[in-house]
Amino acid sequence: MFGRYSWIGSFLVIILMTGGCAGTSQPPQDEPLPPPENALPLVAPLIIEGNRLFAKRDFREAATKYEAAIKAQSSSGEAHYNLGLTLSKRNLYSEARPHFEKAAELEP
């Protein structure tokens, strides 16, 4: 009986694999973004320092830098994205989501 229905499982896997990629222009990034060109003078160094801490896997301290960047320039989609990424690395998904949404709103 299993053999008769195995093609259904294969079909579903193919559909999910092709359908899951439809409409995405880029693969999701797993690294923080650099500061934008229009970053305020205080914001760019905060994002750069956050990125350095992220690379060292010090996600807690990286988050504080990105939070400070957002406080200084709330319109920075890069800072919101980086904070969301950092929070997700700490498994704080419900806290990360609004920052990903804000990043998408600011930088579609």
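How much area does the protein expose, and what share of it do carbon and sulfur atoms supply? The answer is about 7,500 Å², with carbon and sulfur supplying 60%. Keep in mind that this is a predicted model.

**Figure 1. The whole chain, helix by helix.** The protein has 5 helices and 0 strands, so reading from the N terminus you just get α-α-α-α-α. Of its 108 residues, 31% count as buried. If you look at contacts with a separation of 6 or more, 47% of them come from residues 24 or more positions apart.

**Figure 2. Close-up of H2 against H3.** Helix H2 covers residues 43-55, and its axis comes within 8 Å of the axis of H3, crossing at roughly 165°. That angle makes the pair roughly antiparallel, and the crossing is left-handed. On the H2 side, the contact is made by Val 43, Leu 46, Ile 47, Glu 49, Gly 50, Asn 51, Leu 53 and Phe 54. H3 answers with Phe 59, Glu 61, Ala 62, Lys 65, Tyr 66, Ala 68, Ala 69 and Ala 72. Sorted by class, that gives 11 nonpolar, 2 polar and 3 charged residues.

**Figure 3. Close-up of H3 against H4.** Here H3 (residues 59-72) packs on H4 (residues 77-89) at an angle of about 155°, with the axes 9 Å apart. Since angles over 145 degrees count as roughly antiparallel, H3 is roughly antiparallel to H4. H3 passes H4 in a left-handed crossing. From H3, the residues in the contact are Phe 59, Ala 62, Ala 63, Tyr 66, Glu 67, Ala 69 and Ile 70. From H4 come Ala 79, His 80, Asn 82, Leu 83, Thr 86 and Lys 89. The class split for this contact is 8 nonpolar, 3 polar and 2 charged. For anyone flipping between views, Phe 59, Ala 62, Tyr 66 and Ala 69 are among the H3 residues listed here, and they are also among those H3 puts against H2.

**Figure 4. Close-up of Ser 88 in helix H4.** Is Ser 88 buried or exposed? Ser 88 counts as buried, because its relative accessibility is 16% and the cut-off for buried is under 20%. Leaving aside residues up to four places away in sequence, Ser 88 touches Tyr 93, Ala 96 and Phe 100. So to frame this view, centre on Ser 88 in H4 and keep those three partners, Tyr 93, Ala 96 and Phe 100, in the picture.

How values were computed: Residues numbered from 1 in each chain as written. Predicted model: local features only at pLDDT ≥ 70, side-chain atom pairs only at ≥ 80, totals over all residues. Heavy atoms only, no water. Helix = DSSP H or I, 4+ residues; strand = E, 2+ residues; numbered from the N terminus. Buried < 20%, exposed > 50% of the residue type's maximum accessible area, 1.4 Å probe, protein only. Contact = heavy atoms within 4.5 Å. Areas by Shrake-Rupley, 256 points an atom, 1.4 Å probe, with all protein chains shown as cover. Axes fitted to C-alpha atoms, helices over the stretch in contact; angles between N-to-C directions. Parallel < 35°, antiparallel > 145°, perpendicular 65-115°, else oblique. Left-handed = near helix turned anticlockwise from the far one by under 90°. Nonpolar A, V, L, I, M, F, W, Y, C, P; charged D, E, K, R; others polar.
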